[in-house]
Each structure stands twice: as structure tokens, then as C-alpha cells.
Amino acid sequence: MASRMPQLKDRLALWTWCITTFLGVVCLLIYLPMSTNPDLEALSESPHPLTAAFLMATVISLVCCKWLLHRSATTQHLASLLRMGTIAAVLGCLSYNSYVYAFSQTLPDSDAPEIGDLAIDFEVTDPDGRHCRLSDFRGSTVLLVFYRGNW
Amino acid sequence: MVLGVSTDSWEEILFRTDRLKSGLILLADPTREIIDSWGLEDVCLGKDIARPASYIIGPDGHIAWRHLPTDWRIRMGEDEYLEAFRSIRFSGVSP
């Protein structure tokens, strides 16, 4: 049986777990309002990798907490929580960054129109029947932006 | 005039336009007709969406400036667009 008095490393584990979970909750509180903010600039400047890591750690920690409620929690359990949380944080950070890196650099060469080319005309109709044709804007300067959507 | 094109549905677009309350005209291209004809489809990860490209089209209908990053993390901001407009000189026509 383990001693009633928590070991130093167990107390360290407990404190580190508490701090990780706290930071995760803070990240969540910062990130959630941002994700519904139409201001793109704010979202693109948010600390995504750190947020992802802390969120991952927090989710794992909280899931483990729920599991611990059915058992008698000891500092050893908390130490294993910390280990799982840390591994999750590292994995979350690594996978997020590799995802971003791997899929941001591999865009194929494009046959998109170049400077001096005539802009390719198009016409769209919205559900209310309003038409929009690019060539209707002849005579004025147009900034045409293609965006990835889902924001 | 600022036009935005994405593969979002009209429902999504009109919801956004309502919330942004800007002079931006957002156009839905769910079937990627515009995006494909401009050669701007990006099929990375199987997601058929547009590359984040920007074009400035002059009053004569010709492309005066374009920004086509090979890394989709690179986006243009307001300042970059203003700078691009300043760098272009249209003959006798103000933007």
C-alpha cells in the first residue's frame, strides 16, 4: 500500500495537472468566442497550436476525472492523469502542426489567369433571383477574392 | 467593388452577409463553376474548395493584379489590398 503522505513527485503531478487543466479552460474561454467572431483577422492570430494542445490535455483530463469519480482517487491516479494529459497535449500540438504544414505547401501548379489576361466572366443567381455577372462591373475596378469558406 | 467567391451555400452566405453588414458582395459557388473556370480549385485533403486567391480587375475587364499564394496560410489583409490598389495605375480612371 502507498503511504498516506503524498510523495513530492505526486504533489508535483497534481499541481501540474491543475495548471494544465486551468490553462486548457482559459484557452477554451478565449477560443470559443473567437470562433464565432466574423472578424477573420482575430481568428487567424489566435494561438492555434497551443490552444489545440491545452484543449486536448483538458479534454483527456476531464474524461479521466469522470472515470475517477467511480473509484477512490489517489495521487497516483492523478499522476497518471498528468501523464495522459501531457501525452495528449504533445500529440495534439504535433498533429495540428504537421497537418497545417503538410497540407499548406502542396498546392499544385495552377492554370489560373495571370496579370494582363481578360477576367473570365461568370454569372450567378441567388435564391431571391438576383443576378450578378462579373462583366456588369466593367468600368469600375473590382477586387475579386476567392476564399476557402466555412468561416 | 469587392466580390468574394467560395463554395459555401447561399444559405450560409446570406447569413454571413447579414452579420458582416459590409459592402462586400459574397457569391456562392457550391458547384465550383466559377472556381473551376478560374483554375483555382484546391483538392487537398479531398476538400473541394477554392485556393485563397485575390484578383484586381481593371475597368477594362483585364486582370491588373493578382495574389496566388502556394501556401494557403498566407492571406491578404486590408492593408495589403490598399497597397495593391495604390501600386496600380489605371489610365485616367480612379478606382
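The accessible surface of chain A comes to about 9800 Å², and carbon and sulfur atoms account for 65% of that area. This value, like every other one discussed here, is computed from a predicted model. Of the 151 residues in chain A, 30% are buried. The secondary structure of this chain consists of four helices and three strands, and, read from the N terminus, the elements follow the order α-α-α-α-β-β-β. When the contacts in chain A between residues at least 6 apart in sequence are considered, 56% of them join residues at least 24 apart.

Part of the surface of chain A is nonpolar: A:Trp15, A:Ile19, A:Phe22 and A:Leu23 form a patch there, and together they have about 470 Å² of accessible area. Within this patch, A:Phe22 belongs to helix 1 of chain A, which covers residues 8-35. With a relative accessible area of 58%, A:Phe22 counts as exposed, because the cut-off for that class is over 50%.

The interior presents another picture, and here both chains have to be considered. The largest nonpolar core has 27 residues, and the members that touch the most others are A:Leu144, A:Phe146, B:Trp38 and B:Tyr55. From chain A, strand 3 (142-146) gives two or more residues to this core, and from chain B the elements that do so are strand 1 (2-6), helix 1 (10-20), strand 2 (25-28), helix 2 (33-37) and strand 5 (54-57). A second core, separate from this one, has seven residues, among them A:Leu143, B:Ile56, B:Tyr81 and B:Ala84.

What surrounds A:Phe146, once its neighbours within four places in sequence are left aside? The residues in contact with A:Phe146 are then B:Val5, B:Ile34, B:Ile35, B:Trp38, B:Leu40, B:Ala50, B:Arg51, B:Pro52, B:Ala53 and B:Tyr55. The relative accessible area of A:Phe146 is 1%, so this residue counts as buried.

The aromatic side chains can be followed next. A pair of aromatic rings is described by the distance of the centres and the angle of the planes. Over all chains, a search of the whole structure finds four aromatic pairs. In one of them, the ring centres of A:Phe146 and B:Tyr55 lie 6.4 Å apart with the planes at 80 degrees, so the arrangement is edge-to-face. Because A:Phe146 lies in strand 3 of chain A whereas B:Tyr55 lies in strand 5 of chain B, this pair joins two chains. B:Tyr55, at 0% relative accessibility, counts as buried. Another pair is made by B:Trp65 and B:Tyr81, whose ring centres are 6.3 Å apart and whose planes stand at 75 degrees, so this pair too is edge-to-face. Here the link is between distant parts of the chain, since B:Trp65 is in strand 6 (residues 63-67) of chain B and B:Tyr81 is in helix 3 (residues 78-87) of chain B, 16 residues apart. B:Trp65 is buried at a relative accessible area of 16%, and B:Tyr81 is buried at 13%. A:Phe146 and B:Tyr55 also belong, with B:Trp38, to one aromatic cluster.

Charged side chains add a further set of links, with a count of six salt bridges over all chains. In chain A, A:Arg130 takes part in a salt bridge with A:Asp126, at an N to O distance of 2.8 Å, and in another with A:Asp128, where the closest N and O atoms are 3.4 Å apart. Are these two acidic partners buried or exposed? A:Asp126 counts as buried, at 8% relative accessibility, whereas A:Asp128 counts as exposed, at 56%. Elsewhere in chain A, a network of salt bridges links A:Glu123, A:Arg133 and A:Asp136.

In chain B, the side chains of B:Asp36 and B:Arg32 meet in a salt bridge with an N to O distance of 3.7 Å. B:Asp36 is partly exposed, at 34% relative accessibility, and B:Arg32 is likewise partly exposed, with a relative accessible area of 22%. The backbone of B:Arg32 also deserves a look: although this residue is not a glycine, B:Arg32 has a positive phi of about 60 degrees. B:Arg32 is placed in the loop between strand 2 and helix 2 of chain B.

How values were computed
Residues are numbered from 1 along each chain as its sequence is written. Chains are lettered from A and ligands numbered from 1 in the order in which they are written. This is a predicted model: local features need pLDDT of at least 70, side-chain atom pairs count only at pLDDT 80 or more; totals for chains, interfaces and linings use all residues. Side-chain values use heavy atoms; hydrogens and water are left out. A nonpolar core is a set of buried Ala, Val, Leu, Ile, Met, Phe, Trp, Tyr and Cys residues joined through side-chain atoms within 4.5 Å. Buried means under 20% relative accessible area, exposed over 50%, partly exposed in between (1.4 Å probe, protein chains only). Contact means heavy atoms within 4.5 Å. A salt bridge is a side-chain nitrogen of Lys or Arg within 4 Å of a carboxyl oxygen of Asp or Glu. Accessible areas come from the Shrake-Rupley method with a 1.4 Å probe; for residues, only the protein chains shown count as cover. Rings of Phe, Tyr and Trp (its six-membered ring) pair if their centres lie within 6.5 Å; planes under 30 degrees apart count as stacked, over 60 as edge-to-face and the rest as tilted. Patches are made of residues with over 30% relative accessible area and no salt bridge: like charges are joined within 9 Å, nonpolar side chains (Val, Leu, Ile, Met, Phe, Trp, Tyr) within 5 Å.
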